[in-house]
Amino acid sequence: MTMVEGGCSRLLPGNDEMCRDGKDLPGVGGANRKKVVSILALLAAATCFSLLGVLARMAKPDLSTWEICLSRAVIGVAIMVALYFVLDVSIDGPNRPVLLIRGLSGAICFLANVAAMQLLHIGMAMALFFLFPVFAALLSPWINKEPVNRTQWVYILISVTGTCLLLWPQSAALKLSRGHVLALGAALFGGLNISLVRRLSSDHSAFCIYLYMALVSIAVSFIPALQHSQMTMPPAFAVFLLLAIGMLGTVAQLTLNYGFVHLKATEGSLILMSQVPISAILGLVFFQEAISGLFAAGAVLILLGGWGVSRAIR
């Protein structure tokens, strides 16, 4: 796994001199290659997040959202500490206030998103969540001073059009349930997360960003997890779900953080929108959630938007 240290690629510890010189490692040169690796990392993150959603749905109602958040955070901290001692990765950074804000924002986003997936169809929850590029586009000029160019706005509008096809396939009437509100809240904090990661990535490693989020998540979810525990499933299966969710969440977050190192917030956000069709397919396979023609059309438009942004940044 490639580590990001101060915005420079590091495959192994001990390459500090090369990073200080601003040079890349042998065989990993070129801005285009970095962008390709970032795109692949974001696609891996989308797949892991989709699988996490399936497991979160399977856990309902035995495991609360708080327990799922806590398990992911504890496993994430354990993995970060292990990597620190084994590979000497960086797990701290100079901008702790922003790291803590990013950690709290990430915790709220995760809690709201998992709760939405337990209340709505997975495809619906993901469609609503993937309005977050709109929030990222609105926040990025203020947080990162990265204006959105006209071409990118065109592809953003294409992606938003596709998302609307998924949300309102039969009626323009707006009827928001608790699940819809939670998904929209997750989208808002998701957009903030992406913009903050972009701001932090220049001098904070992906490991550092995730560790702070995991620590804040533990602080936020520990007491509620104890209060809302309602275990009825076999203990072995519950432990498997918690471990799998923790591992998937950690891998997804690290690949997401790495993916945004060489991509702007709005660019990476649109690539991540591949999670919508992935989640819809998994919802069909595991929970028989139907995929309509309009849903498929919306997914195609979302993928087209992601492709357009990838093409625009070459």
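This passage goes through the overall make-up of a predicted model, then its helix packing, its ring contacts and two unusual backbone angles.

Starting with the whole chain, the secondary structure comes to 13 helices and 2 strands. Of the 314 residues, 53% count as buried. As for contacts with a separation of 6 or more, 86% of them are accounted for by residues 24 or more positions apart.

Helix H3, which covers residues 65-87, turns up in two of the helix pairings described here. One partner is H9 (residues 206-227): the two axes lie 8 Å apart and the helices pack at an angle of about 145°. That crossing is left-handed. Sorted by class, the contact of H3 with H9 has 19 nonpolar residues, along with 3 polar and 2 charged ones.

The other partner is H10, which spans residues 235-259. Here the axes come within 8 Å and cross at roughly 60°, and the crossing of H3 and H10 is right-handed. On the H3 side, the contact is made by Glu-67, Ile-68, Ser-71, Arg-72, Ile-75, Gly-76, Ile-79 and Met-80. H10 brings in Leu-242, Leu-243, Ile-245, Gly-246, Met-247, Gly-249, Thr-250, Gln-253 and Leu-254. By class, that makes 9 nonpolar, 6 polar and 2 charged residues for the contact of H3 with H10.

Next come the rings. A pair of aromatic rings is described by the distance of the centres and the angle of the planes. The structure holds 3 aromatic pairs. One of them joins Tyr-84 and Phe-85, with 5.2 Å centre to centre and 75° between the planes, an edge-to-face arrangement. Tyr-84 has a relative accessible area of 36%, so this residue is partly exposed. Phe-85 reaches 66% relative accessibility and therefore counts as exposed.

Phe-237 and Phe-240 make up another pair, and this one is stacked because the planes sit at 25° with the ring centres 6.2 Å apart. Both residues belong to helix H10, and because they are 3 residues apart there, about one helical turn separates them. Phe-237 is partly exposed, at a relative accessible area of 37%. Phe-240 also counts as partly exposed, with 47% relative accessibility.

Two arginines place their charge over a phenylalanine ring. For Arg-72, which is one of the H3 residues in the contact with H10, the charged end sits over the ring of Phe-110, 3.8 Å from its centre. For Arg-57, the charged end sits over the ring of Phe-287, with a distance of 5.1 Å to the ring centre. Phe-110 falls within helix H4 (96-119), while Phe-287 is at the end of helix H12 (275-287).

Finally, there are a couple of backbone oddities. Asp-88 has a positive phi of about 60° although this residue is not a glycine. Its place is in the loop between H3 and H4. Gln-288 is likewise no glycine but has a positive phi, here about 55°. This glutamine lies in the loop between H12 and helix H13 (293-312). With 61% relative accessibility, Gln-288 counts as exposed.

Notes: Residues numbered from 1 in each chain as written. Predicted model: local features only at pLDDT ≥ 70, side-chain atom pairs only at ≥ 80, totals over all residues. Heavy atoms only, no water. Phe/Tyr/Trp six-rings, centres within 6.5 Å; stacked < 30°, edge-to-face > 60°. Buried < 20%, exposed > 50% of the residue type's maximum accessible area, 1.4 Å probe, protein only. Helix = DSSP H or I, 4+ residues; strand = E, 2+ residues; numbered from the N terminus. Lys NZ or Arg CZ within 6 Å of the ring centre and 35° of its normal. Axes fitted to C-alpha atoms, helices over the stretch in contact; angles between N-to-C directions. Left-handed = near helix turned anticlockwise from the far one by under 90°. Contact = heavy atoms within 4.5 Å. Nonpolar A, V, L, I, M, F, W, Y, C, P; charged D, E, K, R; others polar.
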